[in-house]
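This report walks through one protein model, one topic at a time. Please keep the sequence and the structure in view while reading.

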Amino acid sequence: MVNGHESLMHADRDVPCVIVDLDGTLLQGNSFRMFIRCLVGHLKGRGEYTTLAKVLGLLAARKAGVISHVAMKYPIHRIGSQEMTEKDLAEFASQLVGSLNTRLMSELELLRTEGSRIVLATAAPDLYIPYLFEHLNFDAWIATPLSDSYGSYVEARGEAKRRLVCALAEERGWNVEAVVTDHDDDLPSLLLPFVRRILVNPTATLCGALDSAGLEYETFLG
C-alpha cells in the first residue's frame with residue numbers, strides 16, 4: 001500500500017528518490033517476527049487464549065511446512081488489526097527504533113540533505129509501518145495492506161513492490177535513483193534501469209544474481 005499521509009504533500013518534478021527496504025536493511029532484524037512475539041505477549045497478558053492458540057497453531061503449521069508464508073501471515077495480520085490498539089502499535093514501533101541501522105540512517109539522511117526523497121518500501125504489514133514512519137525523516141512509505149480476504153492478499157514484495165515503487169515515483173514526479181536492500185526479493189526493483197544499487201549486508205544469492213546479470217552494485221556493511 002502506498003500511504004496517503006507522506007510528509008511531502010505536493011508533487012515535485014524530476015526529484016531523485018531512494019527506495020529503502022526494511023527487514024535486514026534499515027532494520028537489523030525481521031519486523032514481522034518481532035511483531036509476532038509482541039502479539040503473542042499481548043494476547044497472553046490479556047488472557048486471550050483462544051486467539052493465542054490460533055497464532056501458535058499458524059506458527060507451528062508454517063514451521064512444519066504445512067502452510068505457506070502468506071497463509072501464515074495473512075491471518076496474523078488480521079488478528080493483529082483486531083487485537084492491537086493504536087497505542088499498542090505505537091509502542092511496538094518505538095521498540096523497532098532501537099533496532100534501526102544507525103549507520104545506514106545517517107547515510108540516508110545525507111542523501112536527503114542533498115535533495116533525494118527517501119521511501120520506505122517493505123513487505124511488512126501496514127499495521128505498524130505508519131507508526132514507525134513517524135520516527136523516520138522519510139518522505140513516503142509502501143507496505144502490505146490488509147485485504148478483505150486471503151485470496152486478494154498481495155504482499156508488497158518482488159514484482160508487486162516494484163510496481164508500487166514505480167507508481168509512487170510517477171505520481172510524485174520523482175525518479176528512482178537508488179534501491180537499498182539486503183535481499184534478492186528486491187531483484188525486480190534492482191533491475192530498474194539506471195538505478196544505483198546499494199546492498200546492505202547482502203545475501204550471496206543476491207550478489208550472484210547481479211553478477212550474473214553484469215550489473216554494478218555497492219555493498220554497505222554494518
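## The enclosed strand S1

The model described here is a predicted one. In strand S1 (residues 15–20), 5 of the 6 residues are buried, so the strand is largely enclosed by the rest of the structure.

S1 has pairing partners in both S4 and S2: with strand S4 (residues 174–181) it pairs in the parallel sense over 6 bridges, while 4 bridges join S1 to S2, again in a parallel arrangement. Individual residues mark these pairings, for Pro16 has Asn175 as its bridge partner in S4, and Cys17 stands opposite Arg117 in S2.

## The sheet as a whole

In what order do the strands of the open sheet follow one another? The order is S3-S2-S1-S4-S5-S6, which makes an open sheet of 6 strands with parallel pairing. The edges are formed by strand S3 (140–144) and strand S6 (218–220), each of which pairs on one side only. From one strand to the next, the twist averages 25°.

Towards the S3 edge, strand S2 (residues 117–125) is joined to S3 by 4 bridges, and the two strands run parallel. Within this pairing, Leu120 stands opposite Trp141 in S3. Helix H3 (residues 69–83) lies across S2 and S3, and the helix runs at about 105° to S2.

## Aromatic rings and a charge over a ring

How many aromatic pairs does a search of the whole structure find? The search finds 5 aromatic pairs. One of them is formed by Phe92 and Tyr128, whose rings meet edge-to-face, with 5.0 Å from centre to centre and 80° between the planes. This pair links distant parts of the chain, since Phe92 belongs to helix H4 (residues 86–97) and Tyr128 to the loop between S2 and helix H6 (129–133), with the two residues 36 residues apart.

Both Phe92 and Tyr128 are buried, and together with Phe35 they form one aromatic cluster. A ring also takes part in another kind of arrangement, in which the charged end of Lys73 sits over the ring of Phe32, at 5.8 Å from the centre of that ring.

## Two loop residues with positive phi

Phe194 is not a glycine, and yet its phi is positive, at about 65°. The residue lies in the loop between helix H8 (187–190) and strand S5 (196–200). Is Phe194 buried or exposed? Its relative accessibility is 82%, and because exposed means over 50%, Phe194 counts as exposed.

Asn201 is another residue other than glycine with a positive phi, in this case near 40°. Asn201 is found in the loop between S5 and helix H9 (204–212). Its relative accessibility is 39%, which falls between the cut-offs of 20% and 50%, so Asn201 counts as partly exposed.

## Cysteines

How many disulfides does the structure hold? The number is 0. The surroundings of two cysteines can nevertheless be described by their accessibility. Cys207 has a relative accessible area of 16%, and because buried means under 20%, this residue is buried. Cys38, at 21% relative accessibility, is not under that cut-off and therefore counts as partly exposed.

Technical notes:
Residues are numbered from 1 along each chain as its sequence is written. This is a predicted model: local features need pLDDT of at least 70, side-chain atom pairs count only at pLDDT 80 or more; totals for chains, interfaces and linings use all residues. Side-chain values use heavy atoms; hydrogens and water are left out. A disulfide is a pair of cysteine sulfur atoms within 2.5 Å. Buried means under 20% relative accessible area, exposed over 50%, partly exposed in between (1.4 Å probe, protein chains only). Two strands pair if DSSP finds at least two bridges between them. Axes are lines fitted to C-alpha atoms, for helices over the stretch in contact, and angles run from 0 to 180 degrees between N-to-C directions. Contact means heavy atoms within 4.5 Å. Rings of Phe, Tyr and Trp (its six-membered ring) pair if their centres lie within 6.5 Å; planes under 30 degrees apart count as stacked, over 60 as edge-to-face and the rest as tilted. A charge sits over a ring if NZ of Lys or CZ of Arg is within 6 Å of the ring centre and within 35 degrees of the ring normal.
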